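Reader: I should like a close look at a single part of this structure, namely the protein surface near the RNA strand. Please describe it in connected prose and then place it in the context of the chain.

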Amino acid sequence: MPEVRTRFAPSPTGYLHIGGARTALFNWLFARHSDGKFILRIEDTDRVRSTKESIQAIFNGMEWLGLDWDEGPYFQTERFDIYREYIEKLIAKGKAYYCYCTPDELKEKRTLALAEGRKPKYDGKCRELGRPKSSDPHVIRFKTPMSGTNRVCDMIKGEVKFENSELDDLIIQRSDGYPTYNFAVVVDDITMGITHVIRGDDHLNNTPRQALLYEGLEYNCPRFAHVPLILGSDRTRLSKRHGATSVMAYKEAGYLPQALVNYLVRLGWSHGDQEVFSRDELTEKFSLDNVGKAAGLFNPKKLLWLNAHYIKEEKPENLSRLLIPFMEKRGCRVKDDETLQEITLLLRERSKTLAEMADSSEFFFKDEVEYDRKAAKKFLKPDVMDIFQTLIERFGNLQTFNQDTIETVFGEVSAEMDLKVVKIAQPVRVSLTGSTASPGIYEVVAILGKKKVIDRLRSAIVFIENRGTPSNC
RNA sequence: GGUCCCAUCGUCUAGUGGCCUAGGACAUCGGCCUCUCACGCCGAAAACACGGGUUCGAUUCCCGUUGGGACUACCA
């Protein structure tokens, strides 16, 4: 068996999007599973739409997802000599020809054909003419066989048949001398020794043209595998309309790369009933045999669930490091210390994203607690001032300020005042966090520390005292 | 319009002719746990698009219908 060689070949006309990422992932997994090579090739022959920023965005996305490549990146714009060489070969063999038809002429013919209900194929005018090369503007076209059936054996779709008569003579070199997509892809895949072309379903219709090109160039076709597309919730191609489609947007929203990888791989591929896969498990178990044929709808809720899962699984020390940029974005300057790790430990059970985790840990670091209106109205009432006062005293007297001693204080106060713990915990929670929902109150008190807790309880008392006066309402 | 692809719970899927009273997961709904919120646990509801064949037997194989999608450029 020759070595497996796969490639990911994005065009740098935007960020790395969800669909592209999955294609890259499948190629990467297939190569890693087979101990083969994964190659990155940038298809930048569209000089109007290709940008440097997009190239960088693709690199960033791949790096974040952990999709490392063994060869490349190759750039098509640096390979013109190679394409020219192959075009010359085709011309020499009489398999390609110069075409001097103008874009306007072609457009006219196309509209006419459409109006008459015919197929808008190129009519082959210059194929008959056989004009030699000249300095007049021209493209180069490939002579497509007029008849015959073309069979492509796809590893996912099975055998797909196309009639050659449906195809026309495709342009392989544009008038500006640039090769076109279908031609450059074939030459690249040949010269890079690609054995498996794994790509989106949307390329299935290109495959017969490319197969013909392989034939014309006298090379064997690689194996093809057309992966079904990812659709938005309205069942059309995933696009910006459907929300975030950029891989890096998920990083910024606080997703973990392993969650996105796990989600993407399970969308279209399965291994029995298993839902969660480590990276090692994926490279071990991935196979094209278990890739489904039908398009899949992108389901943000399931991705969110997976993200929550991976957050729960992540070590507190890693989480605290990942959390810092999110805290800074919220104006909290935090150190990656033991306290932050304790906080992430509390919050990892209750956060679906790092952004959410940052939101719910803000109160630990803010100087002033901002009370949620409803929460304050319900729990910060005159009858709790007594409780707060007692707690301030008891906490003040504690030699050891930890979860156990704090819990004991709550227990004692609840017994002495004949109040259920919840009647104490909720007002305290609001006074310390501003909200009715937070991690366990003993943990929160312990992490905040004696001074902050007492300060915040005092502020709450002041808040309650001032509430009666209209100026503070 | 033409070409091609596709079709199991709302969604991702298991299922490769009898193991199917169709399994799992997300989401939804109920319950338990509990200092709140989550987490976790338990449970419920929820699908083989339709019509013909083939077969002793079809979710599974074949054909058609319907529905959805992709492509249809001197873009990739």
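Author: What follows describes the surface near the RNA strand and then turns to the rest of the chain. The model is predicted.

The protein residues around RNA strand B number 62, and those that come nearest are Asp-46, Arg-174, Arg-235, Arg-429 and Ser-438. By class, this surface comprises 24 charged, 21 nonpolar and 17 polar residues. On the RNA side, sugar or phosphate accounts for 70% of the strand B atoms within 4 Å of the protein, and bases account for the rest.

Several elements of secondary structure take part. At least two residues each are supplied by helix 4 (103-115), strand 7 (158-163), strand 12 (296-297), helix 11 (300-313), helix 18 (421-433) and helix 19 (441-448). Helix 18 gives the most to this surface, with five residues.

Individual atom pairs add detail to this picture. In the side chain of Asp-46, an N or O atom is 2.5 Å from a sugar or linking oxygen of RNA strand B. For Glu-43, a polar side-chain atom lies 3.3 Å from a sugar or linking oxygen of the strand. Arg-429, by contrast, is paired with a base: a polar atom of the Arg-429 side chain lies 2.4 Å from a base oxygen of RNA strand B.

Arg-429 also has a partner within the protein. The side chains of Arg-429 and Ser-438 are joined by a polar contact of 2.8 Å. Ser-438 is situated in the loop between helix 18 and helix 19, and both of these helices supply residues to the surface near the RNA. Ser-438 counts as buried because its relative accessibility is 16%, where the cut-off for burial is under 20% and only protein chains enter the calculation. Ser-438 is nevertheless among the residues that come nearest to RNA strand B.

A second feature of the protein is its largest pocket, with a volume of about 1,200 Å³. Its lining is formed by 40 residues, and Ser-11, His-17, Asp-202, His-203 and Arg-237 are the closest to the pocket centre. Two or more lining residues come from each of strand 1 (5-8), helix 1 (18-33), helix 6 (181-191) and strand 9 (196-200). Helix 1 gives the most to the lining, with six residues. The lining divides by class into 15 nonpolar, 14 polar and eleven charged residues.

The context for both regions is chain A, which has 20 helices and twelve strands. The C-alpha trace of chain A spans about 105 × 55 × 35 Å along its principal axes. Its radius of gyration is 32 Å, whereas a compact globule of 473 residues would have a value near 23 Å. Of the 473 residues in chain A, 48% are buried.

Two further loop positions complete the description. Gly-243 is placed in the loop between strand 11 (230-231) and helix 8 (247-252), and it counts as partly exposed because its relative accessibility is 38%. Gly-243 and Pro-300 are 57 residues apart in sequence, and their C-alpha atoms are 9.7 Å apart in space. Val-334 lies in the loop between helix 12 (316-329) and helix 13 (338-347) and is buried, with a relative accessible area of 11%. Between Val-334 and Thr-400, the separation is 66 residues in sequence and 25 Å in space, C-alpha to C-alpha.

Conventions
Residues are numbered from 1 along each chain as its sequence is written. Chains are lettered from A and ligands numbered from 1 in the order in which they are written. This is a predicted model: local features need pLDDT of at least 70, side-chain atom pairs count only at pLDDT 80 or more; totals for chains, interfaces and linings use all residues. Side-chain values use heavy atoms; hydrogens and water are left out. A residue is near a molecule or strand if one of its heavy atoms lies within 4 Å of it. A polar contact is a pair of N or O atoms within 3.5 Å; within protein, one must be able to donate a hydrogen and the other to accept it, and residues adjacent in sequence count only if both atoms are side-chain atoms. Helices (H or I, at least four residues) and strands (E, at least two) are DSSP runs, numbered from the N terminus. Ala, Val, Leu, Ile, Met, Phe, Trp, Tyr, Cys and Pro count as nonpolar, Asp, Glu, Lys and Arg as charged, and the others, Gly among them, as polar. On a 1 Å grid over the protein atoms alone, a cavity is a set of points where a 1.4 Å probe fits but cannot get out, and a pocket is an open set with protein on both sides within 12 Å along at least five of seven lines; lining residues have an atom within 4 Å of a point. Grid points are joined across faces, edges and corners, and a volume is the space filled by probe spheres set on the points. The radius of gyration is taken over C-alpha atoms; the globule rule is 2.2 Å times the number of residues to the power 0.38. Buried means under 20% relative accessible area, exposed over 50%, partly exposed in between (1.4 Å probe, protein chains only).
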